[in-house]
Amino acid sequence: MTFQKGKAEDFEKIKSFYWNVIDAMKDKDFSIGWKKGIYPDDDYIRESLEKGELYTLKDEEKLCACVIVNCSFNEEYEGLPWRKTLKKGEFFVPHALAVAGDMQGKGIGKEVVGQIIGLAHANNKKAVRLDIVSTNKIAEKLYKSFGFEFVSENDIYYVDTGHVKYKMYELNF
């Protein structure tokens with residue numbers, strides 16, 4: 001498996017990947033709230049590719065997972081009871097982490113989260129912070145297995161989900 005920055009020429013493949021994940025999630029017991037053309041939308045994918053923030057995990061040519069890693073976060077992150085007081089830019093936030101439907105349950109998510117933590121260390125970040133839709137128990141279990149700690153549960157607005165309860169987690173270094 002190879003974890004690397006996505007390439008602009010792979011935009012259509014990555015967009016199709018996300019749409020396939022959205023379709024695969026329809027059969028799950030919970031909703032992550034993503035909608036085709038809304039989240040992740042074309043502009044967000046393109047911008048993330050251009051900035052070098054979108055990463056892919058491939059098995060040879062098969063796209064197994066994607067994630068966007070940067071220092072951007074929802075304004076609702078401000079004022080939460082984080083364990084460390086950090087400034088913007090001192091921590092990474094993963095976004096749109098998705099595993100191909102036929103690869104779920106095979107350790108792909110663990111590989112990606114391990115890579116995110118490795119990126120944070122390599123870039124001298126002090127933490128990784130994130131939010132999880134409250135009903136996404138699979139993601140919650142995955143992050144906890146890496147030592148992420150629960151911070152709070154908050155009603156957060158995103159264009160794809162509207163106002164929904166999210167659980168906030170952090171891993172400090």
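**Exercise 1.** How many positive and negative side chains does the protein chain have, and how far apart do the centres of the two sets lie?

*Solution.* Keep in mind that you're looking at a predicted model. Start with the counts: the protein chain carries 26 positive and 28 negative side chains. Then take the centre of each set: the two centres lie 4 Å apart.

**Exercise 2.** Work out which order the helices and strands come in, and why the chain counts as compact as a globular protein of its length.

*Solution.* First, tally the elements: four helices and seven strands. Next, walk along the sequence, and you get β-α-α-β-β-β-α-β-α-β-β. Now for the compactness: the globule rule gives 16 Å for 173 residues, and the radius of gyration is 15 Å, close to that value, so the chain is as compact as a globular protein of that length.

**Exercise 3.** Decide how the rings of Phe73 and Phe91 are arranged, and what their pair ties together.

*Solution.* Step one: the ring centres sit 5.4 Å apart, within the 6.5 Å cut-off for a pair. Step two: the planes are 35 degrees apart, which is neither under 30 nor over 60, so the pair is tilted. Step three: Phe73 is in the loop between strand 3 (62-70) and strand 4 (91-99), while Phe91 is in strand 4, so the pair links parts 18 residues apart in sequence.

**Exercise 4.** Tyr158 and Tyr166: stacked, tilted or edge-to-face?

*Solution.* Check the angle: 70 degrees is over 60, so this pair is edge-to-face, with 5.2 Å centre to centre. As for cover, Tyr166 is buried at 4% relative accessible area, whereas Tyr158 is partly exposed at 23%.

Notes: Residues are numbered from 1 along each chain as its sequence is written. This is a predicted model: local features need pLDDT of at least 70, side-chain atom pairs count only at pLDDT 80 or more; totals for chains, interfaces and linings use all residues. Side-chain values use heavy atoms; hydrogens and water are left out. Helices (H or I, at least four residues) and strands (E, at least two) are DSSP runs, numbered from the N terminus. The radius of gyration is taken over C-alpha atoms; the globule rule is 2.2 Å times the number of residues to the power 0.38. Lys and Arg count as positive and Asp and Glu as negative; His and the chain ends are not counted. The place of a charge is taken as NZ of Lys, CZ of Arg, CG of Asp or CD of Glu. Rings of Phe, Tyr and Trp (its six-membered ring) pair if their centres lie within 6.5 Å; planes under 30 degrees apart count as stacked, over 60 as edge-to-face and the rest as tilted. Buried means under 20% relative accessible area, exposed over 50%, partly exposed in between (1.4 Å probe, protein chains only).
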